Amino acid sequence: MKQNLFVLFLSYKDKSVPLYAKVVAICVVAYAFSPGDLIPDFIPVLGYLDDLIIVPIGISLALKLIPSHIIESYQLQAEELKKNKRPKNWFVGFLIVLIWITFLVWIIKVMYELLK
């Protein structure tokens with residue numbers, strides 16, 4: 001699975017990849033490499049749902065959208081990148097934190113209105 005993430009990471013920059021495939025690949029890679037999760041891991045069962053279901057489905061979909069000759073051309077580079085360090089996507093991590101803060105503010109507002 002990690003190998004395929006690195007293939008997606010490299011292939012979304014390729015000019016011959018269709019735009020719709022690039023968008024899916026960018027979203028999957030950004031989410032997978034973000035330091036945070038949309039569903040935090042400390043939430044029982046649901047916390048690991050993204051790691052076990054959402055990310056693999058996204059990888060599979062993105063790989064089906066990208067032409068096979070492009071995927072094959074980046075396999076070696078992806079292996080080398082995998083041996084090095086996993087890139088972090090702090091921007092997406094920040095967006096996930098922002099989503100959670102917005103959600104918590106909304107919950108507090110709703111609770112305040114109900115208890116008023």
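Helix H2, which covers residues 19-33, offers a simple check on geometry: with 15 residues at 1.5 Å a residue it should span 21 Å, and the C-alpha atoms at its ends are indeed 21 Å apart, so the expected and computed values agree. The model in which this helix sits is a predicted one.

Along H2, a number of residues are buried, among them Ala21, Lys22 and Ala25, and the list continues with Val28, Val29, Ala30, Tyr31, Ala32 and Phe33. In an α-helix there are 3.6 residues a turn, so residues that lie three or four places apart point the same way. Val23, which is also found in helix H2, has a relative accessibility of 44% and therefore counts as partly exposed, since the buried class ends under 20% and the exposed class begins over 50%. The C-alpha atom of Val23 lies 8.0 Å from that of Tyr12, although 11 residues separate the two along the chain.

Seen as a whole, the protein chain contains 6 helices and 0 strands, and its elements, read from the N terminus on, follow the order α-α-α-α-α-α. The chain has 116 residues, of which 33% count as buried. When contacts with a separation of 6 or more are considered, 75% of those in the protein chain come from residues 24 or more positions apart.

One pairing of elements that are distant in numbering is that of helix H1, residues 2-11, with helix H5, residues 75-83, whose axes are 8 Å apart and which pack at an angle of about 115 degrees. H1 and H5 are therefore roughly perpendicular to each other, and the crossing that H1 makes as it passes H5 is right-handed. On the H1 side the contact is made by Lys2, Gln3, Phe6, Val7, Phe9 and Leu10, which meet Gln75, Gln77, Ala78, Glu79, Leu81 and Lys82 in H5. By character, the residues of this contact between H1 and H5 divide into 6 nonpolar, 3 polar and 3 charged.

Ser11 also has its place in helix H1. With a relative accessible area of 0%, Ser11 is buried, because the class takes in values under 20%. Once its neighbours within four places in sequence are left aside, the residues in contact with Ser11 are Val17, Ile66, Ile70 and Tyr74.

Key. Residues are numbered from 1 along each chain as its sequence is written. This is a predicted model: local features need pLDDT of at least 70, side-chain atom pairs count only at pLDDT 80 or more; totals for chains, interfaces and linings use all residues. Side-chain values use heavy atoms; hydrogens and water are left out. Axes are lines fitted to C-alpha atoms, for helices over the stretch in contact, and angles run from 0 to 180 degrees between N-to-C directions. Helices (H or I, at least four residues) and strands (E, at least two) are DSSP runs, numbered from the N terminus. Angles under 35 degrees count as roughly parallel, over 145 as roughly antiparallel, 65 to 115 as roughly perpendicular and the rest as oblique. A crossing is left-handed if the near helix is turned anticlockwise from the far one by less than a right angle, and right-handed if clockwise. Contact means heavy atoms within 4.5 Å. Ala, Val, Leu, Ile, Met, Phe, Trp, Tyr, Cys and Pro count as nonpolar, Asp, Glu, Lys and Arg as charged, and the others, Gly among them, as polar. Buried means under 20% relative accessible area, exposed over 50%, partly exposed in between (1.4 Å probe, protein chains only). The expected span of a helix is 1.5 Å times one less than its number of residues.
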